[in-house]
Amino acid sequence: MKVLSVASEIFPLVKTGGLADVAGALPLVLAKQNVEMRSLLPGYTPVMQKMSSVRKAKVAEFSDLFGVKAKLYACTYEGLSLFVLDAPAFFQRDGGPYTAKDGKDFPDNWKRFAALSHVGAQIAGGLVEKWVPDLVHMHDWQAGLTPAYMRYRFAPDTPSMMTVHNIAFQGQFGADIFAELDLPAEAFSMHGIEYYGDVGYLKGGMEIADAVTTVSPTYAREIFSPEFGMGLEGLIRARADVVHGIVNGIDTDIWNPETDPLIAANFSASKLKGRAENRAALEAHFGLDIDDGPIFCVISRLTWQKGMDLLADLTGEIVHRGGKLVVLGSGDKALEGALLAAADRHAGRVGVSINYDEPLSHLMQAGSDAILIPSRFEPCGLTQLYALRYGCVPVVARTGGLNDTVIDANTAALSAGVATGFQFSSVTHDGLRLALHRVFDTWEEPKMWAAMQKNGMRADVSWERSASQYVDLYQKLISARGH
Ligand code: ADP
């Protein structure tokens with residue numbers, strides 16, 4: 001089975017969040033289940049730099065792709081089969097994949113990602129003669145126009161599947177762009193890409209794709225409500241029979257405490273003592289006091305979604321009970337400022353790094369005792385999965401994938417010996433405060449704590465089961481189209 005994946009990020013080439021991890025891990029596990037996945041991604045500057053060292057073949061050339069010149073390359077990079085869309089005017093810029101250096105969205109994002117989707121649909125339609133996919137799997141709003149381009153322009157008979165990693169990011173643009181999208185007038189309708197009078201990239205993808213998946217069963221249920229559906233709940237209800245929740249896994253080779261080269265000392269569930277060296281390295285890195293209080297970590301975008309305002313307000317509480325906190329992330333300037341101020345107030349107890357630092361994130365998982373994830377909504381969340389694998393106990397809001405992947409240390413779970421972390425249900429100051437108290441109380445019972453760590457480390461967080469669910473769905477969609 002040949003599947004084209006269309007995504008705006010893919011680890012290890014370009015990553016701003018969980019989408020990249022998923023887009024990078026899925027092809028590798030699917031390969032073991034006889035799915036040949038190729039991934040189309042934009043040729044951002046760092047991507048083209050990494051590409052310069054690998055052999056690549058030019059498979060298509062565009063003299064006018066939304067007004068710019070572009071080339072499509074096929075290549076293999078660290079086991080991933082790629083189509084890289086090299087459109088320098090769109091993708092070789094300073095800043096991140098979506099934002100300029102000042103943090104503002106590029107004003108032509110609608111065009112940049114329409115171009116990506118357009119090329120994705122062309123590949124589905126046979127642009128690359130030697131490799132025509134049986135199905136196209138796209139991710140998030142940046143790839144959201146692909147199903148429209150397939151249906152209205154290039155590949156009406158090829159099945160498609162849209163995965164939503166976060167429904168808060170919808171790619172909604174003014175109706176005035178429609179004329180430039182290279183779509184027929186009929187596409188601007190309720191059953192196409194029209195969305196409350198605007199153009200909706202994610203909406204169009206979710207409306208037109210043969211199936212819609214999101215990244216956990218709980219989130220797949222939550223988005224039926226206005227609170228979580230964020231305007232798309234009506235569409236989701238109308239398409240309920242094709243909406244599925246498949247929980248993300250993680251790359252257990254990259255995230256393996258027994259072999260991870262990015263941490264101070266390797267360890268396993270049966271040799272937990274090795275964690276101590278990582279803990280010491282973490283204390284040294286952040287200039288923390290050396291004592292026995294639990295170290296909490298946060299590795300996150302610093303935003304309201306992630307509950308970082310609550311965290312900033314409760315740092316005193318952690319310190320007061322003898323805990324320490326290390327934060328790695330960036331995001332809202334006000335939240336960054338509040339956390340940096342907390343680090344100043346509590347020198348030796350709170351360390352904050354406003355940064356994106358993949359190696360440090362590994363050390364933090366290996367050396368912290370608990371990870372705090374007080375998200376208001378969390379489609380899946382990956383950091384709790386890495387934490388489970390590294391014996392770092394997750395303390396999570398009971399929402400989305402956090403609900404599906406962490407077993408709360410309630411009385412029943414403790415007596416059955418299956419608890420892996422702590423969940424709390426009201427994402428408020430009081431909710432988080434109570435959760436912290438439970439964590440501190442358990443910390444004082446080292447045997448119980450170690451049992452939770454070991455349960456977590458033994459939990460299956462790999463991709464295998466979820467990958468089979470994707471394959472089943474691909475097969476169903478392909479046969480439903482009579483292929
Ligand atoms: P989201 O995609 O909503 O940001 P996820 O938990 O699904 O959240 O994925 C976040 C991914 O990004 C994880 O792999 C996490 O380790 C990583 N990450 C987030 N912030 C940082 C950071 N500042 N430095 C390094 N890695 C980070």
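**Around the ligand, then out to the pocket and the cavity**

Start at the ligand: 19 residues surround it, and Lys15, Gly18, Asp21, Arg301 and Asn355 come nearest. A residue counts as near if one of its heavy atoms lies within 4 Å of the molecule. Bear in mind that this is a predicted model, where local features need pLDDT of at least 70 and side-chain atom pairs count only at pLDDT 80 or more, while totals for chains, interfaces and linings use all residues. Residues are numbered from 1 along each chain as its sequence is written, and side-chain values use heavy atoms, with hydrogens and water left out.

Which atoms touch the ligand's oxygens? From the side chain of Lys15, an N or O atom sits 2.8 Å from a ligand oxygen. Asp21 also has a side-chain N or O atom placed 2.7 Å from an oxygen of the ligand. Gly18 joins in through its backbone, with a polar atom 2.7 Å from a ligand oxygen. For reference, a polar contact is a pair of N or O atoms within 3.5 Å; within protein, one must be able to donate a hydrogen and the other to accept it, and residues adjacent in sequence count only if both atoms are side-chain atoms. On its own the ligand has 570 Å² of accessible area, and the protein covers 92% of that (Shrake-Rupley method, 1.4 Å probe; for residues, only the protein chains shown count as cover).

Now for the elements behind this shell. Helix H1 (18-31), strand E13 (295-302), strand E14 (324-331), helix H14 (358-367) and helix H15 (383-389) give two or more residues each, and E13 has the largest share, with 3 residues. Helices (H or I, at least four residues) and strands (E, at least two) are DSSP runs, numbered from the N terminus. By class, the shell holds 5 nonpolar, 8 polar and 6 charged residues; here Ala, Val, Leu, Ile, Met, Phe, Trp, Tyr, Cys and Pro count as nonpolar, Asp, Glu, Lys and Arg as charged, and the others, Gly among them, as polar. Domain 1 (2-249 + 464-480) and domain 2 (272-458) each put at least three residues into the shell, with bounds from an automatic or database domain assignment.

Where does the second largest pocket lie? Both domain 1 and domain 2 give residues to its lining, so this pocket lies between them. It holds about 390 Å³ of space, and of the 20 residues lining it, Val247, Asp404, Thr405, Asp460 and Arg465 are closest to its centre. H20 (464-480) gives the most to this lining, with 3 residues, and helix H16 (400-405) supplies at least two. The lining has 8 nonpolar, 9 polar and 3 charged residues.

A search of the whole structure also turns up 1 cavity of 30 Å³ or more. Ser5, Ala7, Glu9, Ile10, Ala23, Ser39, Leu40 and Leu41 line the largest cavity, and strand E2 (residues 36-42) gives the most to that lining, with 3 residues. On a 1 Å grid over the protein atoms alone, a cavity is a set of points where a 1.4 Å probe fits but cannot get out, and a pocket is an open set with protein on both sides within 12 Å along at least five of seven lines; lining residues have an atom within 4 Å of a point. Grid points are joined across faces, edges and corners, and a volume is the space filled by probe spheres set on the points.

Last, a backbone detail: the peptide bond from Phe11 to Pro12 is cis, with omega near 5°.
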